[in-house]
Amino acid sequence: MISRADQGARAAASHCGYPSGSNRRGAMRSQIRTLAKPFSEHDWPGLTCPTCRDGVLGAPSIVYENDARDPATDAKFDNDPTAPEGGFHGHLVCSRQRCGAWAVIGGRYTTDWQMFPGNILDLWAVLEVKTILPGPSILELSPGVPEPVRREIDRASNLIWLDPQAAAGALRSAVERVMDDHDIPAEDSNGGYLTLHNRLQKFKQKNQQTATLLMAVKWVGNGGVHQSAAMSADDALDTAEIVEVALGALYAPDDSAIRERAERINTAKRLVP
Ligand SMILES: [Zn+2]
């Protein structure tokens, strides 16, 4: 039988590198998507460290409730090593020694198995993450995104594992903060409350394309009686991607200095400062 400790070491070895530059955004998205559905402990994604954003939070050291290697568990499950399920918790450590930040994880697990020739039983846990603190950001933000919007995105990033609908609600609140930042009033001329729907309609007169994106986030974030089915973390991530595109359009990084220098080089027909 292959122990879980051996499996953890193999998973860690497979996460020794990390893509950089333009690949990073796509890689981050794929890591978060892996976490959003139940996955084998072999497939733990190398998450970007939310503290330094350079290191990688590799395969975690995990403690399992009802661990198959524990004799007490054998008695409880009638010596069936494939039966254990329950909770797990653990910690991830940043691969950058100078950072060394921790993230704490927890969730539920079940046991999956496969029999190999020679009567060798391979067991592994199938993990369903319910909390990661601090949580990896569920979307990439340009430096120009205002702090009140950023706070709501952080809130969504922490909520998404435990309560995807609540995360969608936080994304909806981020849209309210975007309206604040664009001076769209929250009250009408009589001091009455303006709904987010009303605010987005006013915003649409300034920026139709982005307003259309943000309106979709509003509908999903309304939740409650309007939601026809339970929302999954994957669904909430779909909504986060819409927010990311909208914020990318509204708060694009300022590249005017680079454009101006290109003009100077063209004028001089050589490299100039
Ligand atoms: Zn770090």
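Biologist: How do you know that β4 and β5 pair, and in which sense do they run?

Modeller: This is a predicted model, and in it β4 and strand β5 (residues 86–93) share four bridges in the antiparallel sense. Two strands pair if there are at least two bridges between them, so β4 and β5 count as a pair. One example is Ser61, whose bridge partner in β5 is His91.

Biologist: What makes β1 and β4 edge strands?

Modeller: The open sheet has five strands in the order β1-β7-β6-β5-β4, with antiparallel pairing. Both β1 (39–40) and β4 (61–64) pair on one side only.

Biologist: Let's turn to the helices. Why is α5 called oblique to α7?

Modeller: The axes of helix α5 (residues 164–181) and helix α7 (residues 208–222) come within 8 Å and cross at roughly 140 degrees. Roughly antiparallel needs an angle over 145 degrees, and roughly perpendicular covers 65 to 115, so α5 is oblique to α7. The crossing of α5 past α7 is left-handed.

Biologist: Which residues of α5 and α7 meet there?

Modeller: From α5 come Ala168, Gly169, Leu171, Arg172, Val175 and Val178, and they meet Leu214, Val217, Lys218, Val220, Gly221 and Asn222 of α7. Sorted by class, this contact of α5 with α7 holds seven nonpolar, three polar and two charged residues.

Biologist: How confident is the predictor in the chain, going by its mean pLDDT?

Modeller: The mean pLDDT is 84, and 88% of the residues reach 70 or more. Over residues 1–22, though, the pLDDT is below 50. That stretch has 27 contacts in the model beyond near neighbours in sequence.

Note on methods: Residues numbered from 1 in each chain as written. Predicted model: local features only at pLDDT ≥ 70, side-chain atom pairs only at ≥ 80, totals over all residues. Axes fitted to C-alpha atoms, helices over the stretch in contact; angles between N-to-C directions. Parallel < 35°, antiparallel > 145°, perpendicular 65-115°, else oblique. Left-handed = near helix turned anticlockwise from the far one by under 90°. Contact = placed C-beta atoms within 7 Å. Nonpolar A, V, L, I, M, F, W, Y, C, P; charged D, E, K, R; others polar. pLDDT = per-residue confidence, 0-100.
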